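Here is a friendly walk through the model shown below. Keep the viewer open and follow along, one region at a time.

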Amino acid sequence: MNFYFEAAKTLDRLDAKEGSIKGIIATLPEKDRKRTAALVIETLKFKPVLLEVIDKSKLMKEERKLASKTLALVLVHDLLLARGIQAGDGPIKQAVLRHKTRLHGELQKLKIKRGVTSNEQLAQNGDERAASIPRYVRVNTLIGTTEDTIETFVSRGYTLSDPFSSSKKGFSKDPHVPDLLLFHPSTTFQDDDLYTSGKIILQDKASCFPALVLSPPASSDSVVIDATAAPGNKTSHLGALMKNKGKLFAFERDKKRFSTLKMMLSKAGCTNSFPINADFLTIDPHDTRYSSVTHILLDPSCSGSGIVNRLDYLLEAENEGGTDKEERLDKLASFQLKMIQHAMRPFSSKHMGFALRPVPNVRKIVYSTCSIHATENERVVRNALNSEEARVGAFRLAPRSEVLPTWQRRGYPDELDSPGTPSCFSHSGMKLDARFTFTGDASSLVRCLPGEDATNGFFVSCFVRDNRQQSTSKRKMSIEDDTNDSLLHKPRKKKHKKNTLDK
Ligand SMILES: C[S@@+](CC[C@H](N)C(=O)[O-])C[C@H]1O[C@@H](n2cnc3c(N)ncnc32)[C@H](O)[C@@H]1O
């Protein structure tokens, strides 16, 4: 019976929105994890049906021993839809069995009402768009080469063919992402030794874009931050692009996800990475450890609305609607904006009592989400471009030619330009002067649409420092007392006569 208690507890945690299905299942004790996961997922697939059957049969009213409805759900699932309740006789099992005939009867009535003949037809099915997403495999070049990996697959009976060939044994090279292979969507690699040894990484194509766009140099003086790293797929991709040279700081604020991050980076052989269990927003831009950071990857928590090939659709029936959803998106957007603003602050060292007015060393920031909502994408980018941090740091959007130029689906211009979203505030709360309001070109932005692009929904933007403006601000730069700097969290009096952006 313990196994049923564990499954019921897991369903309660999902109800309480403590995490995603995959995330919560990963925290279950290893013993029985697979079995519990299967029962939880199957119960969720049939949850609306099982709830209706339980209500109609009056099981909960007549059996007071069944204090928890989620426990009833998993037991009734096994009674009606599996091989029966797999537990020794006891009062709880007996309570359910007393209603066996009525429960079966209610299930039959429901099938007739819905015009279906098999139990399977009652299941909630996943998003159909998932079926058009190939199984993407990124070769981990920190451990092996793409050529060797292709040879291994060929020796196992796979054949290199056209992308999207319908053959289950066909595979191909991705035309946009180097070292990425595409297989038939039904292919699984969970137990494959290439996967368990870290030689291949199962990563959706779109999720490979951010590291590719950031492309930090593979040199010993490269210093890079992945601000929101767990589980670590993009971090190990960065490590691979850097050829394990230089330093790669990987921040993760969640303790459990941090453990996963460390495990994934070690499995991937990412030896230039330094995982840090901390909130990126608490990192002091003056901390000398980060003074020479030049590239930052920001892939913060988002609504995940672009992900169509995971199990969380099973929870959607209970998700919030209209206003709640908008409120949640607004909250996420304001957090995402804060993260970009923090990344734009100068990561440079200060010297005894005096500081050069800090100009960020950071040259490139990639911001990405797996959301399809403009609230978390173009509008966040627009607000970031209009922030005090972007103005002082002279950040602008990198042109299309530097951001996957051959990818056709770009950002939504109306959303990048549209007025009416919150006005621009600096991190210190000062409303910005309207003269600073400007936007970028939506063709600088990358979008991916599930069902259209053979990927999950995704968004990528890339901020770079404007060299022309950077040299202007360097000319103006003077030695100042460091208490006189707005970017050290103290609002300063506006004393500039003319802003460089006015030109
Ligand atoms: C979308 S996931 C990142 C996925 C990761 N980039 C990958 O590709 O494997 C966002 C992660 O950022 C973490 N996170 C959110 N806010 C953070 C913050 N302020 N500082 C550090 N980590 C944060 C979350 O706990 C979560 O693990």
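## Around Glu252

Setting aside neighbours within four places in sequence, Glu252 is in contact with Ala229, Ala230, Arg257, Phe258, Leu261, Pro275 and Asn277. Before going further, please keep in mind that this is a predicted model. Glu252 sits in the loop that runs between strand E7 (247-251) and helix H13 (255-267). Is Glu252 buried or exposed? With 26 other C-beta atoms within 10 Å, Glu252 is buried, because the cut-off for that label is 20 or more.

## The annotated binding site

Glu252 also appears in a database record: UniProt, in an unreviewed entry, places the feature "binding site" at Glu252, Asp279 and Asp299. These residues span 48 residues in sequence, yet no two of their C-alpha atoms are more than 13.4 Å apart, so they gather at one spot.

Asp279 belongs to the loop between strand E8 (273-276) and strand E9 (295-298). Asp279 counts 13 other C-beta atoms within 10 Å and is therefore partly exposed, whereas Glu252 is buried.

## The ligand shell

Which residues come nearest to the ligand? Of the 19 residues around the ligand, these are Thr228, Lys234, Arg253, Phe280 and Asp299. Asp299 is also one of the positions that UniProt lists under "binding site". By character, the shell around the ligand divides into 7 nonpolar, 5 polar and 7 charged residues.

## The annotated active site

The unreviewed UniProt entry places the feature "active site" at Cys370. Look for Cys370 in the loop between strand E11 (364-369) and helix H16 (378-385). Cys370 has 22 other C-beta atoms within 10 Å, so Cys370 is buried. Not counting residues up to four places away in sequence, Cys370 touches Cys302, Gly304, Gly306, Ile307, Asn456, Gly457 and Phe458.

## An open sheet

What is the strand order in the open sheet of 5 strands? The order is E2-E3-E4-E1-E5, and the pairing is mixed. Strand E2 (159-160) and strand E5 (200-201) stand at the edges with a single partner strand each, so one side of each is left without a neighbour in the sheet.

Within this sheet, strand E3 (residues 170-173) pairs with strand E4 (residues 180-183) in the antiparallel sense, over 3 bridges. If you would like a pair to click on, Phe171 stands opposite Phe183 in E4.

## Helix H6 and its surroundings

Helix H6 (residues 69-81) offers a simple geometry check. At 1.5 Å a residue, its 13 residues should span 18 Å, and the end C-alpha atoms are 17 Å apart, which agrees.

H6 is mostly covered, with 10 of its 13 residues buried. Those buried residues are Thr70, Leu71, Ala72, Leu73, Val74, Leu75, Val76, His77, Asp78 and Leu79. What do the buried residues of H6 pack against? Their partners are helix H1 (2-15), helix H3 (33-45), helix H4 (47-57), helix H5 (59-62), helix H7 (91-97) and helix H8 (100-114).

## The whole chain

Zooming out, the protein chain has 19 helices and 15 strands. Of its 503 residues, 38% count as buried; Glu252 and Cys370 are among them. Of the contacts in the protein chain with a separation of 6 or more, 76% come from residues 24 or more positions apart.

How values were computed: Residues are numbered from 1 along each chain as its sequence is written. This is a predicted model: local features need pLDDT of at least 70, side-chain atom pairs count only at pLDDT 80 or more; totals for chains, interfaces and linings use all residues. Two strands pair if DSSP finds at least two bridges between them. Helices (H or I, at least four residues) and strands (E, at least two) are DSSP runs, numbered from the N terminus. UniProt positions are given in the numbering used here, feature names are shortened, and annotations may be inferred rather than shown by experiment. A residue is buried if 20 or more other C-beta atoms lie within 10 Å of its own, exposed if 12 or fewer, and partly exposed in between; C-beta atoms are placed from the backbone. Two residues are in contact if their C-beta atoms, placed from the backbone, lie within 7 Å. A residue is near a molecule or strand if its C-beta atom, placed from the backbone, lies within 6 Å of it. Ala, Val, Leu, Ile, Met, Phe, Trp, Tyr, Cys and Pro count as nonpolar, Asp, Glu, Lys and Arg as charged, and the others, Gly among them, as polar. The expected span of a helix is 1.5 Å times one less than its number of residues.
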